[in-house]
Protein chains: 2
Amino acid sequence: MYRIGELANHYEVKTDTLRFYDKHGLLKPSFRSESGYRIYSEDDAERLRFILRAKAIGFSLTDIAELLSIELDKSNWACADVKGVVDIKLADVEAKIEELNYFKTSLQRLSDACCGGPESAEHCSILEALESNTSAIKCENQKHQHEQSHYTKNCQTKG
Amino acid sequence: MYRIGELANHYEVKTDTLRFYDKHGLLKPSFRSESGYRIYSEDDAERLRFILRAKAIGFSLTDIAELLSIELDKSNWACADVKGVVDIKLADVEAKIEELNYFKTSLQRLSDACCGGPESAEHCSILEALESNTSAIKCENQKHQHEQSHYTKNCQTKG
DNA sequence: CTTGACCTTGGATTCAACTCCAAGGTTATA
DNA sequence: TATAACCTTGGAGTTGAATCCAAGGTCAAG
């Protein structure tokens with residue numbers, strides 16, 4: 001049995017957060033003391049762990065509420081239902097990774113195209129690429145040249 | 001040259017969003033018509049594409065503003081500075097990818113552990129994994145078994 | 001018997017990124 | 001010339017997930 005502060009401390013959340021979960025039906029303490037204090041049972045703590053784990057994996061509180069309702073009502077749901085929820089999230093994450101990889105490539109290309117030297121950025125390839133109305137990144141040492149460095153080795157014109 | 005509605009239509013954003021970007025300095029139309037209508041150039045459209053791509057992979061508008069604003073101040077930056085900013089973002093993106101990959105693995109493991117069939121979720125591995133206070137996911141068909149399916153092929157006990 | 005750390009409540013605020021609204025001006029078309 | 005479909009502005013509302021606040025009750029220690 002924990003009071004709100006104890007539970008909060010133990011799981012490194014704010015008491016406000018627990019009250020928020022209470023108010024929104026995600027985690028209602030099993031008991032109240034005479035004086036109205038929230039008293040959380042071991043089961044409540046378990047439920048909190050469930051919530052925190054699910055949250056860490058990237059479920060929204062709405063998702064979690066859904067998962068919890070399945071949890072309470074297990075026998076009326078099929079595995080497929082539960083797996084469905086997870087798989088949707090998974091697809092989500094995969095899409096995000098793909099986008100990030102695309103963006104990483106862009107940034108990498110920008111970074112690689114820039115000499116990175118002490119020259120004024122006036123003719124910086126990166127800025128030109130950002131300004132330009134094409135997605136081309138031109139090889140920088142056509143502009144202001146200094147010794148062919150490792151910066152520009154993998155520079156390639158890209159249309 | 002596009003009016004706000006045209007540009008919005010073309011990129012499937014709301015006109016309100018474009019006005020929002022204008023107000024917040026992310027994307028100010030290059031021109032205004034006599035009557036005050038926003039007129040966007042092809043460069044503006046390019047800038048919008050950049051914003052949307054950056055947004056899609058999870059850059060905040062603040063991040064994006066930072067990336068875009070270096071442009072205004074070019075001559076006060078050295079190539080090294082600009083490259084530095086890009087490289088910071090690159091590291092950012094890489095960290096994000098890593099985090100998401102971790103995330104993905106968790107979800108994948110959850111998904112793989114579940115048979116996904118029409119059986120009652122009573123013994124669903126996903127729920128058990130989320131319930132458990134360890135991060136272990138047990139192989140589901142130790143619980144309720146049906147033919148070894150592709151769902152459980154890559155199921156492995158993980159402690 | 002008073003301090004100080006805890007707890008209660010309802011309600012307000014935050015933050016990002018929109019999204020909507022009202023009241024009015026502009027423009028292409030019938 | 002009138003109608004509809006555009007556009008303008010400032011400002012208010014929305015969402016999710018907290019986080020903070022004020023005013024006050026509770027409880028163990030000194």
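Here are some notes on how the two protein chains and the two DNA strands fit together in this predicted model.

1. **How the two chains are related.** Start by comparing chain A with chain B. Turn chain B by 178°, shift it 1.1 Å along the axis, and it can be laid on chain A with an RMSD of 3.0 Å. That relation is the one a two-fold axis gives. Keep this in mind when you look at the DNA, as the chain letters will swap over.

2. **Where the chains meet.** How many residues of chain B are in contact with chain A? There are 60 of them, and they touch 59 residues of chain A. Of the interface residues of chain B, 93% are interface residues in chain A too, so the copies meet through the same surface.

3. **How much area is buried there.** The size of an interface is often quoted as the accessible area that is lost when the parts come together. Here, chain A and chain B bury about 5200 Å² between them, and 71% of that is on carbon and sulfur atoms. If you want residues to click on, try C79(B), K83(B) and L130(B): this trio supplies 13% of the area that chain B buries against chain A, more than any other three residues.

4. **DNA strand C: who is around it.** Now have a look at the first DNA strand. Strand C is surrounded by 18 residues, and the closest are G5(A), R38(A), D16(B), Y21(B) and Y37(B). Which part of the strand faces the protein? Of the strand C atoms that come within 4 Å of the protein, 74% belong to sugar and phosphate. By class, the residues of this surface are six nonpolar, five polar and seven charged.

5. **DNA strand C: the polar contacts.** Three distances are worth checking yourself. A polar backbone atom of G5(A) is 2.7 Å from a phosphate oxygen of strand C. Y21(B) also reaches a phosphate oxygen of strand C, at 2.7 Å, but through an N or O atom in its side chain. Y37(B) goes for a base: an N or O atom of its side chain is 2.7 Å from a base nitrogen of strand C. The elements giving two or more residues to the surface near strand C are α1 of chain A and α2 of chain B. The largest share, four residues, comes from α2(B).

6. **DNA strand D: who is around it.** On to the other strand. Around strand D there are 19 residues, of which D16(A), Y21(A), Y37(A), G5(B) and R38(B) come nearest. Sugar or phosphate makes up 73% of the strand D atoms within 4 Å of the protein, and the rest belong to bases. Sorted by class, the surface near strand D has six nonpolar, five polar and eight charged residues.

7. **DNA strand D: the polar contacts.** In chain A, a polar side-chain atom of S35(A) lies 3.2 Å from a phosphate oxygen of strand D. Y37(A) has a side-chain N or O atom 2.8 Å from a base nitrogen of strand D. From chain B, a side-chain N or O atom of R19(B) is 3.1 Å from a phosphate oxygen of strand D. Two or more residues of the surface near strand D come from each of α2 of chain A and α1 and α2 of chain B. Which element gives the most to this surface? That is α2(A), with four residues.

8. **An unusual backbone angle, in both chains.** Most residues other than glycine have a negative phi. E12(A) has a positive phi of about 55°, although it is not a glycine. You will find E12(A) in the loop between α1 (4–11) and α2 (15–23) of chain A. In chain B, E12(B) has a positive phi near 55°, and its place is in the loop between α1 (4–11) and α2 (15–23) of that chain. Buried or exposed? E12(A) is exposed, with a relative accessible area of 76%, and E12(B) is exposed as well, at 75%.

9. **A tucked-away tyrosine.** Finally, take a look at Y40(B), which sits in strand β3 (residues 38–40) of chain B. Y40(B) is buried, with a relative accessible area of 0%. What is it in contact with, leaving aside its neighbours within four places in sequence? The partners are M1(B), Y2(B), R3(B), I4(B), L7(B), L18(B), L27(B) and P29(B). One more distance to try: Y40(B) and E6(B) are 34 residues apart in sequence and 9.4 Å apart in space, C-alpha to C-alpha.

Notes. Residues numbered from 1 in each chain as written. Chains lettered and ligands numbered in written order. Predicted model: local features only at pLDDT ≥ 70, side-chain atom pairs only at ≥ 80, totals over all residues. Heavy atoms only, no water. Buried < 20%, exposed > 50% of the residue type's maximum accessible area, 1.4 Å probe, protein only. Near = heavy atom within 4 Å. Polar contact = N/O pair within 3.5 Å; in protein donor to acceptor, adjacent residues only side chain to side chain. Nonpolar A, V, L, I, M, F, W, Y, C, P; charged D, E, K, R; others polar. Least-squares fit on C-alpha atoms with pLDDT ≥ 70 in both. Contact = heavy atoms within 4.5 Å. Buried area = accessible area lost by both parts, 1.4 Å probe.
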